[in-house]
Amino acid sequence: MKPLGFIVAAAILLPLLSLATGLDPWTLQPDLRLEAPSWAHPLGRDDLGRDMLARLILGFSVSVGVAGVSALGATALGAGLGVWAGTRRGWVDLVLSRGMELTQSIPKLPLLILVGSVDLTRFGLPVGFVTILLRLVVLFILLGWLTAFRVVRQSSLEIAARPFVEASRVLGMGEARLVFRHVLPHVAAPLRVVLAIAFSEFVLLESGLSFLGLGVPAPWPSLGQLMARGASSGGAALILAPGLATAAMLWWVGARIDPGARPSNKSGQMAVDASDRPR
Amino acid sequence: MDALPAPAMTDVGAPDAKPGSALLALLRGEVGLSVRYGRPVWEVMVPRLWATLALMGPALALSFLLALGIGLGSARWARAGFGRGLHAGLLLFSSMPMHWVGLVLVWILVVQTGWMTLGDRDPFADPSPSFAQRALPLVTVVAFYVARWGRHVRSVALERLEASDVRFARSLGCDEKTILLRFVAPGAAVPLVALVAQSFPVLASGLVVVETVFGYPGMGRLIFDSVVLRDAPVAASGFSLYAGLTFAATSLGDEVHRRLDPRVRGRP
């Protein structure tokens with residue numbers, strides 16, 4: 001996915017750029033709180049006097065990081081299990097498919113709220129940026145592998161039954177090599193779409209959780225956390241900027257996923273192109 | 001909060017209760033007192049449940065119809081400006097977090113212009129939400145679900161518009177309106193039913209973020225608060241209700257899907 005690559009690159013480069021240009025997302029300046037946008041601070045300052053542009057950039061990176069790592073993890077987990085179920089079949093497929101249906105019936109947000117409000121110190125874990133983010137990522141992965149599993153299982157079931165796979169097996173190709181040589185290349189294209197969808201979903205989910213105060217912890221910004229702060233402070237730029245950034249990013253990803261119109265189907269004319277000719 | 005007579009029920013958590021009495025009480029539907037409100041759980045929950053259903057029922061129905069209409073329209077005129085515009089709208093609204101849409105609505109209509117008031121009221125003293133408290137969440141939820149479902153309808157409809165039976169009908173001289181309504185719409189509506197059934201538990205148990213933004217006294221907010229404030233009886237009952245709703249909605253959705261879609265009719 002080209003947009004995802006660009007977004008991740010931006011998430012890495014923009015904070016460095018803002019650091020290099022001297023934008024500081026941390027320093028509190030209470031006497032300058034809610035300062036209106038100016039050339040030096042294009043989005044103004046937030047309710048604690050921190051530069052909003054620097055915080056938006058950092059929050060964007062945090063959100064993209066959480067959603068990106070979760071999407072990669074969930075897609076990899078789902079793809080791995082899907083290949084396993086699709087090529088092994090039998091009881092492996094049975095157990096994993098029922099497991100998928102079980103996970104599917106768990107509503108995401110309430111579970112995340114429940115687990116998000118668990119006090120980590122009870123289990124001897126330090127409460128910090130990293131542990132809370134890790135908890136978020138692990139939960140997202142455990143809840144988000146379903147789409148990848150469904151897609152990959154279906155494709156590998158179909159591909160494993162094709163003659164060339166059977167031929168390879170007869171010629172003595174091992175199961176592992178078979179999977180990497182024949183099955184995975186075939187599911188790569190749909191997997192990219194699954195990855196992009198998972199990324200969008202996780203951005204929205206993280207945004208909702210952080211908005212409720214259960215996501216990314218306080219001094220660190222994220223897109224959802226910035227929305228919540230913007231709402232309580234009431235500044236126009238503080239409310240609009242994080243949402244518009246989210247919308248622009250997900251729009252870009254979404255526009256690449258949705259199917260376009262077939263080229264020759266103008267006002268209901270019968271489509272005539274190469275794929276319509278009898279084979 | 002006006003004084004209510006002390007609830008005439010056993011406290012199931014009492015240490016002097018007989019063994020098994022908690023289970024018996026549970027079977028009678030007594031799930032204990034809310035720690036936060038000091039009242040029986042159902043007394044706390046039922047008004048919230050009605051408030052949520054009053055909001056989400058219309059939202060669900062409206063979203064279904066609009067998603068079908070807009071999705072079909074954007075597929076039918078996919079190359080024209082009209083269809084592209086509809087698709088852009090669908091993309092835009094599915095890209096914006098629901099709570100942010102709500103925030104902007106509140107910010108514009110309540111804070112900036114003062115056209116509406118949300119009011120900060122005690123859900124027990126006055127359980128009926130104000131007009132803005134009803135209308136704004138409805139608009140927010142509908143916008144999000146129409147966008148999400150509409151994109152799905154659009155992609156199914158685009159596929160259907162090129163399917164061989166539709167092309168055959170077209171070659172026989174069938175006009176586009178009939179094609180859209182007779183061939184494409186049913187094909188797009190059936191998977192949408194399954195999608196709606198999947199979302200029903202989320203909607204019926206209340207959308208926490210939306211209810212938070214608008215201060216709407218619904219189930220989602222109640223469950224969220226009970227988890228955060230460690231109100232265990234309310235949280236446990238809320239989640240159980242949720243589980244039951246999920247089971248019921250998924251089963252119902254499967255059954256409806258089976259009846260509507262001939263391809264899955266024979267399968268168990």
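Visitor: Which residues in α4(B) are buried?
Guide: This is a predicted model, where local features need pLDDT of at least 70, side-chain atom pairs count only at 80 or more, and totals for chains, interfaces and linings use all residues. Residues are numbered from 1 along each chain as written, with chains lettered from A and ligands numbered from 1 in written order. Buried means 20 or more other C-beta atoms, placed from the backbone, within 10 Å of a residue's own. In α4(B), that picks out B:M98, B:H99, B:W100, B:V101, B:G102, B:L103, B:L105 and B:V106.

Visitor: What in chain A helps to cover those buried residues?
Guide: The cover includes α5 (131-161) and α8 (208-214) of chain B. From chain A, it includes α8 (175-212), α9 (223-233) and α10 (236-257).

Visitor: How far apart are the end C-alpha atoms of helix α4 of chain B?
Guide: Helix α4 of chain B has 15 residues, 98-112, and the expected span is 1.5 Å times one less than that number, so it should come to 21 Å. The model agrees, as the end C-alpha atoms are apart by 20 Å.

Visitor: Where does α4(B) bend?
Guide: A bend is the angle between axes fitted to the seven residues ending at a residue and the seven starting there. For α4(B), the angle is about 25°. The bend lies at B:V106.

Visitor: Which residues of chain A have pLDDT under 50?
Guide: pLDDT is the predictor's confidence in each residue, from 0 to 100, and chain A averages 82. Where pLDDT is low, predicted coordinates should not be read in detail. In chain A, pLDDT stays under 50 over residues 264-279.

Conventions:
Contact = placed C-beta atoms within 7 Å. Helix = DSSP H or I, 4+ residues; strand = E, 2+ residues; numbered from the N terminus. Buried ≥ 20, exposed ≤ 12 C-beta atoms within 10 Å, placed from the backbone.
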